[in-house]
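Colleague: Please take one part of this model and go through it closely for me. After that, set it against the rest of the chain, and give the cut-off behind each term as you go.

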Amino acid sequence: MAPPIARCPRPPPRPPQRTGQPSRGGVGPWAPREAAAVAGVRPPRRGRAGERGAGRRGGARRTMAAAAAAAAAAAAAPGRARRGAPMYSQKELTSKKRDEFEDILEERRLSSDLRYAMKCYTPVIYKGLSPCKPNAIKNAVLQSEQVQYVIKQLAKEMGESPDIIQEEATEILDEMGHSMQLGAVRFFAFTLSKIFKRLFQRVCVNEEGMQRLQHAIQEHPVVLLPSHRSYVDFLMLSYLLYTYDLALPVIAAGIDFLGMKIVGELLRRAGAFFMRRSFGGNRLYWAVFAEYVKTMLRSGYAPIEFFLEGTRSRTAKTLTPKFGLLSIVMEPFFKREVFDTYLVPISISYERILEESLYAYELLGVPKPKESTSGLLKARRILSDNFGTIHIYVGQPVSLRTLASGRINRCPYNLVPRHLPQKPSEDMQEFVSDVAYKMELLQIENMVLSPWVLVAAVLLQNLPAMDFELLIEKTLWLKGLTQTFGGFIEWPDNLCAKKAVVSGLTLHSNIARLVDGHVVLNDKGVEDGAVGEIVFKRALAVLLCATYRNQLLNVFVRPSLVAVALQMTRSFRKEEVYSCFSFLRDVFSDEFIFFPGISLKDFEEGCFLLTKCDAIQTSQQEIYPTDKGSVIVSFLSAMFRPFVEGYQLIFRYLSKETKEAFTEKQFIPGVRNFVFQLLEKGNTQCYEALSSDMQKNALAALVQLGAVKKKKVSNGFAYSVNQEAVNKILDMFDARIPVQKPVAARL
């Protein structure tokens, strides 16, 4: 929480000025309008408060009774709690209206940034909060039974004085802890207003989501779980909460930021607390870090914010979740130290990603620049670029108590003293995993897709060049298919397809351009230089374009894998198609987000969506494409072909691996050189196989399938290949042998 400030009078609300309503089909299990219907109230709409020295507050608080009823109804809804009846409900596949968006930069462009930064900031806070300063939190952590127990244990094991271990714990806290100050918050509010107005045309937020969050913050401790595509994410979220007069979050940030002189300390004073990338089995560090997070959560000091993905996604696909921090924030509930905890999934969608070029170079093996203040200053040139629109969708707060109801028995936590470390049971680990995947799937569901995402998907299937008019026609066709599959498309108001495509090409002129009536990738100089340089430049252009196509894959992954399975099996028998689908789902489990243990339900959803668009017909025993559906099945298969072909190439490389053991640092350059040579010779056109992200995911898939063994060594992990198993998987991929997979009885 920021330092307390005298409250100012509330200005009257005025009607909201909204951006266009995005087209969308499908909505998830936490839909606000359904929750409101259960509560018997109309979903709240929030007015925009005039600034005039007080910022935006009034409208949201005036609708609090209705918002409270809606949130209570959603939190009280019975949870689906066990594997077999998982907590993640498949989204309803019918067209429903979504929350409307408001552009928060519109007001910023019309009034003083200084007045905005110096406004009377009176945030909504947790009802049970006892005001305290950051240093008081640190002292509470050091004196806690949990940390003191670990200090005594380590002192006994190491033969050291407890005072020495205590000093080390103090140093860890000083390195880690935040020191939130209102002055730094106001500095960021002023600076970010200037920067965001230069970089972005609009920053659109769903108002109803902000109302739900406002209520949640007052009722129970809140954990904010945003998607992670850019460094802008955590800055934007704090900026948003300041704008709406909500308590600013404390944010888990990588220790790398401390290397940035001045900036690192400013981030600390704005609410960032810093964690090491790896704890390396350091029990003291883990105990201090975990207790620091839990102390802030138990007290309701501020919303806690962290990224489930752990790091920024370089490909715009959601990364598989990390479970460490999530298990920490759940623990106070399981130990009955808090009545409930709200988990809030937040989807941040970029029309154009600031780090897009940097990501493409990283994927091709160019080292990531180290975070530094000088690097930040050099990046000032991007202020002259246009990065389009950001959409921020604040999802329905999800009650941890509801999720755990009937699933987790909390009694074992009461059988031992709370300060004693306990290894989580298998049931608990499975529950944490399920919650993590549920949160990421809710993020994915509310990602907003721009017309350029559709253009990129069509263009990548028609390289090296595509007729402009045909591109427009295919983009419109894909728009309809995306909406049928439940995609959340934001199509600019009153803009015809041609203008929407031209607008996308203008915004992304660094990726594609219009030449003589044809659209081509912007790989200037590709004809010049050595063959290796030509391959690198073409790969760079393809990976840049694929970043935006990838945003569409989350919507298409299930029906597309059914389409790929139909082509791989060359059979219409449902059992064989399902076996192939399940095999592909397992292989691509690190590329795409699938809820654990529901392969059959994913298959049924894919079949349902293909049936819905008349692409296939199904009987009890068979699945077969319709005459009309051959175009759709071919398009979906082609969309996922880079992944199928890329994995084939990587598996082929590993099938010839002769080393007894190798590390990831040896594997990545080796497979990259292998693919590079094939591209130079013209033996493949799969430039995406050069991506280090795909290479790591393919290796992880083989580990999960048991074809590669992973062993912990002193400096990381070593891998060894089972040649026979890899060759068998490769043969399945090449459709030389049928996929061997047990088939569910229901089929």
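Modeller: I will take helix α22, starting from its outer side: the face turned away from the buried side of α22 carries the exposed residues Lys 499 and Thr 506. Exposed means over 50% relative accessible area, buried under 20%, and partly exposed in between, with a 1.4 Å probe and protein chains only. The model is predicted, so local features need pLDDT of at least 70 and side-chain atom pairs count only at pLDDT 80 or more, while totals for chains, interfaces and linings use all residues. Residues are numbered from 1 along each chain as its sequence is written, and side-chain values use heavy atoms, with hydrogens and water left out.

Helix α22 covers residues 497-507, and its buried residues are Ala 497, Ala 500, Val 501, Gly 504, Leu 505 and Leu 507. Viewed down the axis of α22, these buried residues fall within an arc of 165°, so they line one face of the helix. The arc is taken from the directions that run from the helix axis to the C-beta atoms. An α-helix has 3.6 residues a turn, so residues three or four places apart point the same way. Helices (H or I, at least four residues) and strands (E, at least two) are DSSP runs, numbered from the N terminus.

The buried residues of α22 pack against two helices, α20 (451-459) and α21 (468-484), and two strands, β15 (512-515) and β16 (518-521). Contact here means heavy atoms within 4.5 Å. The loop between α22 and β15 holds His 508. Because its relative accessibility is 0%, His 508 counts as buried. Leaving out residues up to four places away in sequence, His 508 touches Glu 351, Arg 352, Glu 356, Trp 452 and Tyr 548.

Helix α29 (residues 723-733) offers a parallel case, with Val 726, Ile 729, Leu 730, Met 732 and Phe 733 as its buried residues. They cover an arc of only 155° around the axis, which puts them on the same side of α29. Their packing partners are α23 (531-569), α24 (574-587), α26 (629-655), α28 (692-704) and β20 (716-721). Just after α29, Ala 735 takes a positive phi of about 60°.

For a strand, look at β5 (residues 202-206), where 4 of the 5 residues are buried. Strand β4 (residues 101-103) runs antiparallel to β5 and is joined to it by 3 bridges, with Glu 102 having Val 205 as its bridge partner in β5. Strand β11 (residues 389-394) runs parallel to β5, with 4 bridges between them, and His 391 in β11 stands opposite Cys 204. Two strands pair if DSSP finds at least two bridges between them.

A salt bridge is a side-chain nitrogen of Lys or Arg within 4 Å of a carboxyl oxygen of Asp or Glu, and by this rule the count is 32. In one of them, Lys 194 meets Asp 113 at 3.2 Å, N to O. Lys 194 belongs to helix α9 (residues 182-199) and Asp 113 to helix α5, so the pair ties together parts that are 81 residues apart in sequence. Lys 194 is partly exposed at 41% relative accessible area, whereas Asp 113 is buried at 4%. Another salt bridge joins Arg 407 and Asp 434 at 2.8 Å, N to O. This pair links distant parts of the chain, 27 residues apart: Arg 407 is in the loop between α17 (400-404) and α18 (411-414), and Asp 434 in helix α19 (residues 426-445). Arg 407 and Asp 434 are both buried.

As for the chain overall, it has 29 helices and 20 strands, and 59% of its 747 residues are buried. Of the contacts with a separation of 6 or more, 80% come from residues 24 or more positions apart.
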